[in-house]
Amino acid sequence: MERREFVASLLAGGSAGMCVDLTLFPLDTIKTRLQSQQGFYKAGGFRGIYAGVPSAAVGSFPNAAAFFVTYECTKSLLGAGGALSAPRVAPVTHMLAASLGEIVACLIRVPTEVIKQRTQASPSSTTYHILLATLREEGVRGLYRGFGSTILREIPFSLVQFPLWEYLKTLWSWRQGHTLHSWQAAVCGAFAGAVAAFVTTPLDVAKTRIMLAKAGSSTASGNIPVVLHEVWKSRGLTGLFAGSIPRITFISAGGFIFLGAYEKVRRSLL
């Protein structure tokens with residue numbers, strides 16, 4: 001991967017991430033409160049809808065930049081030669097690149113997500129106070145609470161979203177006989193994001209419960225099957241898909257902005 005492409009992916013990914021996270025933050029707050037163990041209204045309801053936004057603002061650029069740099073570099077390396085360079089195995093290349101991108105991005109995403117979600121579920125506290133309380137009670141390890149569950153949510157999500165996005169772009173481009181415009185890539189991103197969001201909602205519920213749980217509780221241990229079983233016992237299928245509508249809306253609109261902005265900024269830089 002050339003230096004110019006690296007810088008383009010870095011800036012385009014970071015810019016796209018900030019656009020999405022800050023524009024659609026209220027929907028993310030509603031989703032977190034719907035999935036909270038204490039219930040929507042006890043977690044704040046519609047009050048303080050921007051609680052936790054400083055954490056999102058700090059983490060969104062480096063998080064998205066890390067993902068896309070890793071994604072594009074991996075695609076470039078795997079497509080340079082060998083068995084994975086053949087067009088028929090392109091979805092496998094995209095899956096591997098997206099999975100690796102998510103693992104790298106989660107090193108930045110998880111600490112900001114922990115603080116953001118705890119602030120969203122406790123709107124009377126500030127981001128700074130939640131950060132200090134987390135470090136005081138759990139240390140740096142507390143910032144990475146739910147790291148495993150986040151990875152196990154993000155990888156299946158990316159395994160669905162990115163191959164589907166790349167496939168839809170290829171199909172649409174082939175049908176119209178030329179490269180897609182940025183808005184067309186954005187439409188593909190919105191559809192791929194909506195499908196991936198719905199399929200992975202139960203994993204998102206588990207991740208939210210683990211991050212919000214009190215330190216030392218059974219939920220805080222991060223055992224995803226146990227957490228999902230508890231949700232199933234207490235709230236059934238509705239509980240497993242709690243927050244699915246705002247999540248699908250957020251990620252579908254986010255996919256449109258995120259992947260559309262990424263394509264537009266990257267092409268203008270190249």
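Leu10 is found in helix α1. In this predicted model, Leu10 has a relative accessibility of 31% and therefore counts as partly exposed. Together with Phe6, Val7, Leu11 and Leu269, Leu10 makes a nonpolar surface patch. The patch covers about 350 Å². Helix α1 supplies four of its residues, the largest share.

Helix α1 also takes part in the interior. The largest nonpolar core holds 26 residues. Seven of these touch the most other members: Phe67, Phe68, Tyr71, Phe162, Trp165, Phe258 and Leu259. Six elements give two or more residues each to this core. They are α1 (3-23), α3 (53-78), α4 (90-120), α7 (147-176), α8 (182-199) and α11 (244-269). The largest share, six residues, comes from α11.

Tyr71 is one of the core residues that touch the most other members. Residues up to four places away in sequence aside, Tyr71 touches His94, Ala97, Ala98, Phe162 and Glu166. Apart from the largest core lies another core, of eight residues. Its members include Cys106, Ile115, Leu143 and Ile151.

Thr201 offers another case. This residue is placed in helix α9, which spans residues 201-212. Is Thr201 buried or exposed? Its relative accessibility is 0%, so Thr201 counts as buried; the cut-off for buried is under 20%. Beyond its neighbours within four places in sequence, Thr201 is in contact with Leu240, Phe241, Ala242, Ser244 and Arg247.

How values were computed:
Residues are numbered from 1 along each chain as its sequence is written. This is a predicted model: local features need pLDDT of at least 70, side-chain atom pairs count only at pLDDT 80 or more; totals for chains, interfaces and linings use all residues. Side-chain values use heavy atoms; hydrogens and water are left out. A nonpolar core is a set of buried Ala, Val, Leu, Ile, Met, Phe, Trp, Tyr and Cys residues joined through side-chain atoms within 4.5 Å. Buried means under 20% relative accessible area, exposed over 50%, partly exposed in between (1.4 Å probe, protein chains only). Contact means heavy atoms within 4.5 Å. Patches are made of residues with over 30% relative accessible area and no salt bridge: like charges are joined within 9 Å, nonpolar side chains (Val, Leu, Ile, Met, Phe, Trp, Tyr) within 5 Å. Accessible areas come from the Shrake-Rupley method with a 1.4 Å probe; for residues, only the protein chains shown count as cover. A salt bridge is a side-chain nitrogen of Lys or Arg within 4 Å of a carboxyl oxygen of Asp or Glu.
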